[in-house]
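Dear colleague,

I am passing on the structure we spoke about, and below it you will find some notes on what came out of it. Please read them with the model open beside you.

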Amino acid sequence: MNMKRVIQYLTMAGLVFAGSLFAFAQKGGDVLIKGATVMTAARGTLENADVLVTNGKIAKVGKGISAPAGVRVIDAAGKYVSPGIIDAHSHSMLDAINEGSIAVSSMTNVGDVLDPRDITIYRALAGGVTTALLLHGSANPIGGQSTTVKFKWGHTVEEFPVAGAPPGIKFALGENVKRSNFTPQPGQTPRYPRTRMGTMEVIRDAFLRARDYKRSWDDFKARKTNVPPRRDLELEPLVEILEGKRLVHAHGYRSDEHYNLLLLADEFGFRIATLQHALEAYKIAPEIAKRGTGASIFADSWSYKLEAYDSIPYNGYILWKNGVVVSINSDSDERMRRLNLDAAKMQKYGGVPEEEALKMITLNPAKQLGIDKRTGSIEQGKDGDLVVWSGHPFSPYSRVEITMIEGDVYFDSAKDVTMRAELAKEREALEKLEMNRAPAAGGTPPRLPSERRSADRDEADRGNNR
Amino acid sequence: MKAKVECKKAKRFIDLCSFVFICGALFSVTAQSDGSQQNQTGRAGTFAITNARIFTVSGAVIENGTVVIQEGRIAAVGAGVSIPGGAERIDGKGLSIYPGMIDAGTNLGLAEIGQGANATLDTAEVGSMNANAKAIKAVNPHTSHVNVTRVNGITSVLSRPTGGIVSGQATLINLNGSTQAEMAVEPIAGLIVNFPRITQGGGGFGGGGGFGGGGQQIDFNEAVKRRDTQIDELKKLFRDAVNYGRAVEAYAKDKTLPAVPTNLGLEALIPYVRGEKTIFFTAERDRDIRAVAKFVGEMKIKGIILGGQEAWKSADELKKNNIPVIYTHIYSLPVREDDPYDSLFEAPAKMHQAGIKFAISTGDQGAEVRDLPYQAGIAGAFGLSREEALKSVTLYPAQILGVGDKMGSIEIGKMANVVVTDGDLLDPRTNVKYLFIEGRLLPLTSRHTELFDSFKERKSSEIIP
């Protein structure tokens with residue numbers, strides 16, 4: 001590459017970067033939304049109401065609020081406002097999902113592989129999603145550590161994790177864990193466990209080791225021993241679970257195996273924060289409710305694999321009726337964009353009331369992730385994480401107009417349209433560069449950018465990543 | 001829990017039981033006859049749904065009217081129709097009547113469980129040229145997907161094979177019936193061809209991670225050559241079929257000519273290469289769709305695009321060659337990183353503006369076909385009018401499949417595939433209240449309602465210390 005080309009390239013790259021920052025990350029944090037139907041997801045729906053956000057926090061919700069000097073006013077007459085949607089199961093932004101080589105991969109953390117330029121972030125914002133739990137894959141009984149982020153598109157990666165959110169970890173049970181859909185290559189040793197029996201033993205063994213490890217540290221701290229134990233990065237997160245400091249999000253389908261995990265948690269004295277997928281949770285709803293465990297489910301996916309065959313769309317209703325905190329997740333960069341319609345289905349299947357259905361994509365996932373003090377509903381003092389919809393968010397004919405996080409606009413449908421011309425121009429300029437010459441003219445075509453990450457996923461995550 | 005205290009004998013018995021149970025479970029998956037759902041084929045009769053809002057689709061909305069269903073057909077529609085004596089009356093006050101929806105791009109009945117139960121998958125045959133494979137011979141009338149789908153208002157689907165280049169022949173079925181024959185509307189509804197396209201292979205990724213992707217990447221020019229070779233092979237196959245047909249006909253007239261040994265693959269192709277029946281070409285990108293249009297023009301055949309991500313860009317060629325589109329990408333992510341976030345939501349509106357005949361389909365294997373109305377609804381949020389959105393899952397697919405005279409709207413004489421709802425058909429909050437297929441009033445039950453009923457009142461017997 002000659003120097004001229006390098007300069008051309010750097011100039012273009014710089015333009016792309018500056019453009020994305022300028023266009024999306026409108027700083028400010030002060031805004032007044034006027035005259036909307038405000039669905040608070042906590043205190044009912046207010047007609048013709050205003051929401052004032054100052055310094056990123058909801059300062060006031062009510063009627064006839066006037067804007068302080070210099071605060072942007074969004075006229076939302078005839079429109080709807082909801083809290084930002086929270087997806088309690090996503091693999092967006094992750095450059096790697098599964099550390100599948102070992103049965104206990106608790107030393108890994110998906111927070112180490114976040115890609116803040118992942119376009120799925122922007123697409124999620126365009127579907128009204130502001131916050132997500134990013135989870136490790138489901139290849140291991142005890143998987144990697146998770147992270148809770150807000151989709152602050154255009155910002156540096158350090159600004160994504162939600163401050164103060166409790167740490168989490170992925171557990172998994174069933175088909176993926178026992179690698180039932182994958183045949184080991186010749187010469188490859190199958191990984192233990194290979195059955196649901198082995199899966200439970202792997203988890204029990206890990207917690208017994210964690211308990212011993214914790215005791216050795218407790219003894220050292222109490223000066224019963226003189227030599228500090230060697231740090232164990234596999235067991236440290238498990239000690240945090242035993243101490244109630246780390247949330248367990250447990251992937252599973254069949255009710256019997258989720259129930260076995262609940263019993264194991266009883267035995268070791270901790271609470272499972274959420275059962276993930278939990279498509280058969282309706283069969284053990286009272287047992288789940290009794291333990292204060294949440295369920296993070298698909299609205300109505302089923303039949304895509306054997307253990308999803310007893311999944312029913314009434315799952316959410318039965319769990320809700322039993323008092324379980326239910327959230328509806330996507331586990332998919334595609335589905336994440338339409339969680340509002342998934343919540344709407346809860347009204348149809350069983351008859352979950354409107355506000356309770358809305359909570360399943362806002363306040364309830366916030367509760368499950370331990371961030372409900374700051375987000376998840378439209379209440380004074382909470383973060384200004386808000387979505388302005390063209391109509392009722394449960395109507396298929398509605399679309400997101402504005403998505404904001406802490407009072408800053410991260411998606412604006414009107415602005416998006418004006419951006420397209422700029423993008424097209426930029427693309428044209430890039431395509432003209434010699435290094436980007438068309439294949440027909442002898443150049444090497446770039447790989448599809450969108451291919452990069454989807455192919456990066458481990459086999460356990462293929463087939464819609466479930 | 002109790003098993004713990006039981007004796008060894010009992011344990012052996014339990015082992016035996018679990019073996020039997022596993023076998024039973026396997027059988028229930030492979031055989032997949034959802035026993036409880038058999039013979040739920042409803043009842044025939046004369047029905048009059050009165051005082052309802054009627055979305056005829058083919059004409060204006062009738063605000064307060066009656067639909068009469070008799071002998072499997074729609075016998076009367078309108079505000080002041082006379083109700084035949086003995087008709088069963090259904091009060092439609094506050095309800096809406098719609099034609100049943102049609103999904104023109106599924107594999108419903110050919111695939112029960114996507115992963116981990118290969119015995120339930122019958123979508124793709126071995127080999128690349130399988131014109132004689134017929135979906136109607138493999139559709140399982142008792143798949144649980146049938147009831148789950150129809151109770152959401154979808155009454156008919158095109159079910160199609162998927163593999164190779166020439167996948168086989170699709171079937172148009174109603175979602176009711178105990179045999180394939182009872183379900184069939186058009187047992188042979190068209191040929192599926194995965195039109196050769198430029199692929200560079202790979203499927204792996206550049207860096208990072210640790211799991212290798214599929215095959216090796218090939219050079220772009222090499223990929224173009226390979227595509228061209230495949231198209232040439234396809235053309236040759238089609239010409240062989242034309243010649244085969246001539247030879248068979250010639251021999252039928254004149255037995256002194258050499259007899260033609262039967263070739264099932266070529267025989268199946270005859271009506272398609274003669275342009276008598278329609279070929280569905282799967283194609284997504286503009287350049288591939290244009291290649292299909294060229295192929296259709298050159299070979300003088302009847303074609304439909306299935307997939308159609310970028311079909312709106314190829315409007316001129318599609319219209320010139322009279323090619324409609326069955327669009328299956330509402331639930332897909334935009335193809336390129338810099339495509340507008342709503343490019344695939346907006347595609348139906350753009351096709352409509354460009355004057356392309358199109359239908360919206362889920363393109364799903366079966367389980368998610370019930371989302372068809374919501375997919376059309378989303379298109380309605382992104383530029384398509386609500387009327388057009390409704391047509392794109394009712395009348396338009398019927399017309400594209402060549403059965404527009406039989407179904408797809410509420411009109412006298414049409415097959416009584418009728419859905420009665422308590423709200424907008426395309427809204428996920430709406431409930432189906434009554435469902436008719438070929439005039440049979442069907443129970444609104446499915447595997448899902450049955451499991452719901454079994455567990456909704458369950459109380460726990462658990463005692464935790």
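In chain B, the domain assignment (an automatic or database one) gives domain 1 (37-99 + 408-456) and domain 2 (101-200 + 214-406). This is a predicted model, in which local features need pLDDT of at least 70 and side-chain atom pairs count only at pLDDT 80 or more, while totals for chains, interfaces and linings use all residues. Residues are numbered from 1 along each chain as its sequence is written, and chains are lettered from A and ligands numbered from 1 in the order in which they are written.

The centres of domain 1 and domain 2 of chain B, taken over C-alpha atoms, are 29 Å apart. Their contact (C-beta atoms, placed from the backbone, within 7 Å) takes 33 residues from domain 1 of chain B and 31 residues from domain 2 of chain B.

Within domain 2, I looked at strand 10 (residues 278-283) of chain B, where six of six residues are buried (20 or more other C-beta atoms within 10 Å of the residue's own, with C-beta atoms placed from the backbone); strands here are DSSP runs of E, at least two residues, and helices are runs of H or I, at least four, numbered from the N terminus. B:Thr278, B:Phe280 and B:Thr282 point one way from strand 10 of chain B, and B:Ile279, B:Phe281 and B:Ala283 the other way.

Strand 10 of chain B pairs (at least two DSSP bridges) in the parallel sense with strand 9 (residues 184-194) of chain B over four bridges, and B:Val193 stands opposite B:Phe281.

With best wishes

Definitions and conventions: Two residues are in contact if their C-beta atoms, placed from the backbone, lie within 7 Å. A residue is buried if 20 or more other C-beta atoms lie within 10 Å of its own, exposed if 12 or fewer, and partly exposed in between; C-beta atoms are placed from the backbone.
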